[in-house]
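User: I'd like a close look at one part of this model, please. Could you follow a single residue outwards into its surroundings?

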Amino acid sequence: MPQPKLIILDRDGVINHDSPDFIKSPDEWIPIPGSLEAIARLNQANYRVVIASNQSGIARQLFDITTLNAIHAKMHRLALQVGADIEAVFFCPHAAADNCDCRKPKPGMFAEISKRYQVSLKGVPTVGDSLRDLQSGFISGCVPYLVRTGKGEKTEVTGGLPPGTLTFPDLAATVQHILKSTPQS
C-alpha cells in the first residue's frame, strides 16, 4: 500500500464561500461548487486532506465552539455525500491581538499538523485564498497554491506571494493540476 500523501487546505474561500461578516452558522456554510468533489478526487489519489483555518470569530464572540463544531459537522456530512473525507480540522480561535503562535501567517497550526502526522511538511501542497494562508504554509516548507475564490482575486492583485506560488481559478482546478503533476505512487 503506497504511503498516503498530505494536503493542507484553508476553509473559508477555498472549500466554502467566504463572508466579510464571518461564517457564523451552519446555514452560512455553503460549499463552492466542485470543491467537495475535488476533495473526493484527492482522497481517491491517496491524499489525506487536512484543514488549517483561522477562526477569530470565536475570540470576537460572533460564535462559540459548539457552533463551530456544528459548522464542521455540516461540512463533513456534505463531504461524505460526495465520497470526500476531510480527515482533520485544525483551527486558531484567537484574535490577531492575542499574538498567538497558531494564527496564520504564523506557522503554529502547520507545526501542529506536522507533529500530529509525524511528517515533514516539505513539499506538501497547501491551498489558500489569502496571503497569510500561503505564508504560513511556505515558511513550513509547503508548496503554496492560491485560488481566486474567496479573497483570492484581491490577494493575487495585491501581490507579494511566496516564491513559486501557483494560482488557479478554484480548488477543483488546483486539484486537477496537483493530480496531473504529481506521480501517483
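Leaving aside neighbours within four places in sequence, which residues is threonine 126 in contact with?

Analyst: Happy to walk you through this predicted model, where local features need pLDDT of at least 70, side-chain atom pairs count only at pLDDT 80 or more, and totals for chains, interfaces and linings use all residues. Residues are numbered from 1 along each chain as its sequence is written, and side-chain values use heavy atoms, with hydrogens and water left out.

Threonine 126 is in contact (heavy atoms within 4.5 Å) with Ile8, Phe110, Leu134, Gly137, Cys142, Val143, Pro144 and Tyr145, once neighbours within four places in sequence are set aside. The residue sits in strand β4, a strand that covers residues 125–128. (Strands are DSSP runs of E, at least two residues, and helices are runs of H or I, at least four, numbered from the N terminus.) Threonine 126 is buried because its relative accessible area is 3%, and buried means under 20% (1.4 Å probe, protein chains only), against over 50% for exposed and partly exposed in between.

Several of those partners point us to strand β5. Val143, Pro144 and Tyr145 are among the contacts of threonine 126, and β5 takes in residues 143–147. The two strands, β4 and β5, pair in the parallel sense over four bridges; pairing asks for at least two DSSP bridges. Tyrosine 145 of β5 is the residue that valine 127 stands opposite. Helix α4 (residues 131–138) joins β4 and β5 in a β-α-β unit, and Leu134 and Gly137 are also among the contacts of threonine 126.

On β5 itself, four of the five residues are buried, so the strand is largely enclosed by the rest of the structure. β5 also pairs in the parallel sense with strand β6 (residues 166–168), this time over three bridges. Valine 147 has phenylalanine 168 in β6 as its bridge partner.

Now step along β4 from threonine 126 to valine 127. Val127 is one of the contacts of aspartate 10, along with Gly128, Asp129, Asp133, Lys104, Ile15, Ile51, Ala52 and Ser53. Aspartate 10 belongs to the loop between β1 (5–9) and α1 (35–44), and with 6% relative accessibility it counts as buried.

Aspartate 12 lies in the loop between β1 and α1 as well. Its relative accessibility is 12%, so this aspartate also counts as buried. Beyond its sequence neighbours, aspartate 12 is in contact with Asp18, Ile23, Gln55 and Asp129. Asp129 thus turns up for aspartate 10 and for aspartate 12. An unreviewed UniProt entry annotates Asp10 and Asp12 as "active site"; such annotations, placed in the numbering used here with shortened feature names, may be inferred rather than shown by experiment.

Further along, serine 25 is found in the loop between β1 and α1 too. Thr67 and Ile71 are in contact with serine 25, sequence neighbours within four places aside. Asparagine 69 is 44 residues away from serine 25 in sequence, yet their C-alpha atoms are 9.8 Å apart in space.

The loop leads to α1, where Ser35, Leu36, Ala38, Ile39, Ala40 and Leu42 are buried. The buried residues of this helix pack against β1, β2 (47–54), α2 (65–81), β3 (86–92) and α6 (171–181). Just after α1, asparagine 46 has a positive phi of about 75°.

Conventions:
Right-handed = clockwise from strand over helix to strand, strands pointing away.
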